[in-house]
Amino acid sequence: FKFPPTIFAHNPTLDNFKNLMNLAGSTGIPMSRYFLNSMIVTVLTVVLNLLITIMAAYVFSKKKFKIKGALWEINQMALMFVATAVSIPRYLIIVIGAYNTWFAHILPLIALPVGLFLVKQFVDGIPDALIEAAVVDGAGDATILRKIIIPLTNRLLQHQCFNIPAGMEQRGNIKQYITNEALRTLTYYVNSIGTNNAVAASGMVAAANLIMFIPNLIIFICMQSKVMNTMASSGIK
């Protein structure tokens, strides 16, 4: 809020991080709980999303059944809708049996149309002759997925592992699904800090955003070669 703005801080301090920890402790829920919730939700969401996406991509790409075209068109139409447009039907589905549970965090992100679209394009590039040879050797669908589809789409799946948590950060405010403070994630907590006094809490919000950014940065540094190779392959394809 300083004017004129400056690039570097004149008096660097860690007070914002200390205040952030103290504020979290004053609510009765330690900040470590929000971290743990975020880790659990992220891991479960990524695993389930990748599992569902790769199986669906294999079915749409290599299997033949009557309503295949209709279901794929539905997936393509779903690409046009943003999260806000489906918030009401999503809420109606969650309150049936997932309200105030861990699954309320996970359900909205375990099947994403854009992820299925991208993975299917990669699976389309796998020769049918390779699948047919595996079937002749007695391989079932589970074996084909494990030994052919997943290894050949490994780079894209790693790229998805990086994109899914980033998408979760954008959908972190799910207060309409979770009322139990102990089940809320770090993203929700950060979004709620500056609700009453955005100016006074801006320092703590910036500190919290930095904390949330660090895991994404570490993942990108460790996987940057895979991410860049996947983007290059997508462009060539």
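Helices here are DSSP runs of H or I with at least four residues, numbered from the N terminus, and this is the sense in which α6 and the other helices are named below. The structure is a predicted model, and it is read here from its overall make-up towards single residues.

The protein has 11 helices and zero strands, so that from the N terminus on every entry in the order of its elements, α-α-α-α-α-α-α-α-α-α-α, is a helix. Of its 237 residues, 33% count as buried. Among the contacts with a separation of 6 or more, 77% are accounted for by residues 24 or more positions apart. The accessible surface of the protein comes to about 14,400 Å², and carbon and sulfur atoms hold 67% of that surface.

Helix α8, which spans residues 141–152, shows how buried and exposed residues can be arranged around one helix. Its buried residues are Ile144, Leu145, Ile148 and Ile149. They lie on the same side of α8, because they cover an arc of only 130 degrees around the axis. The exposed residues Ala142 and Lys147 are carried by the face of α8 that is turned away from this buried side. As for what covers the buried residues of α8, the cover includes α2 (31–62), α6 (113–124) and α7 (128–136).

One of these covering helices, α2, also takes part in a feature of the surface. Leu36, Ile40, Leu44, Leu48, Leu51, Ile52, Met55 and Phe103 make a nonpolar surface patch of about 610 Å², and α2 gives the most to this patch, with seven residues. Leu44, one of the residues of the patch, has its place in helix α2 and counts as partly exposed, since its relative accessibility is 39%. Asn49 has its place in helix α2 as well, but Asn49 is buried, with a relative accessible area of 2%. Not counting residues up to four places away in sequence, Asn49 touches Leu109, Ile110, Ala111, Leu112 and Ile164.

A second asparagine, Asn75, lies in helix α3, which is made of residues 68–78. At 10% relative accessibility Asn75 counts as buried, the cut-off for this being under 20% relative accessible area. When its neighbours within four places in sequence are left aside, Asn75 is in contact with Pro113, Leu116 and Phe117. With Pro113 there is also a polar approach, in which a polar atom of the side chain of Asn75 lies 3.5 Å from the backbone oxygen of Pro113.

The charged residues give another view of how the parts are joined. Side chains of opposite charge can pair when their charged atoms come close. In this model the count comes to three salt bridges. In one of them the side chains of Lys62 and Asp128 meet, at 2.7 Å from N to O. Because Lys62 lies in helix α2 and Asp128 in helix α7, this pair ties together parts that are 66 residues apart in sequence. Lys62 is buried, with a relative accessible area of 18%, whereas Asp128 is partly exposed, with a relative accessible area of 45%.

Another salt bridge is formed by Asp141 with Lys63, where the closest N and O atoms are 2.8 Å apart. This pair, too, links distant parts of the chain, for Asp141 is in helix α8 and Lys63 in the loop between α2 and α3, 78 residues apart. Both partners are partly exposed, Asp141 with a relative accessible area of 39% and Lys63 at 28% relative accessibility.

The remaining salt bridge joins the side chains of Lys120 and Asp124, which meet at 2.9 Å from N to O. Here the pairing stays inside one helix, because Lys120 and Asp124 are four residues apart in helix α6 and are therefore separated by about one helical turn. Lys120 counts as buried at 11% relative accessibility, while Asp124 is partly exposed, with a relative accessible area of 35%.

Conventions. Residues numbered from 1 in each chain as written. Predicted model: local features only at pLDDT ≥ 70, side-chain atom pairs only at ≥ 80, totals over all residues. Heavy atoms only, no water. Helix = DSSP H or I, 4+ residues; strand = E, 2+ residues; numbered from the N terminus. Buried < 20%, exposed > 50% of the residue type's maximum accessible area, 1.4 Å probe, protein only. Polar contact = N/O pair within 3.5 Å; in protein donor to acceptor, adjacent residues only side chain to side chain. Contact = heavy atoms within 4.5 Å. Areas by Shrake-Rupley, 256 points an atom, 1.4 Å probe, with all protein chains shown as cover. Arc of directions from axis to C-beta. Patch = residues over 30% accessible without salt bridge, like charges linked within 9 Å, V, L, I, M, F, W, Y side chains within 5 Å. Salt bridge = Lys/Arg side-chain N within 4 Å of Asp/Glu carboxyl O.
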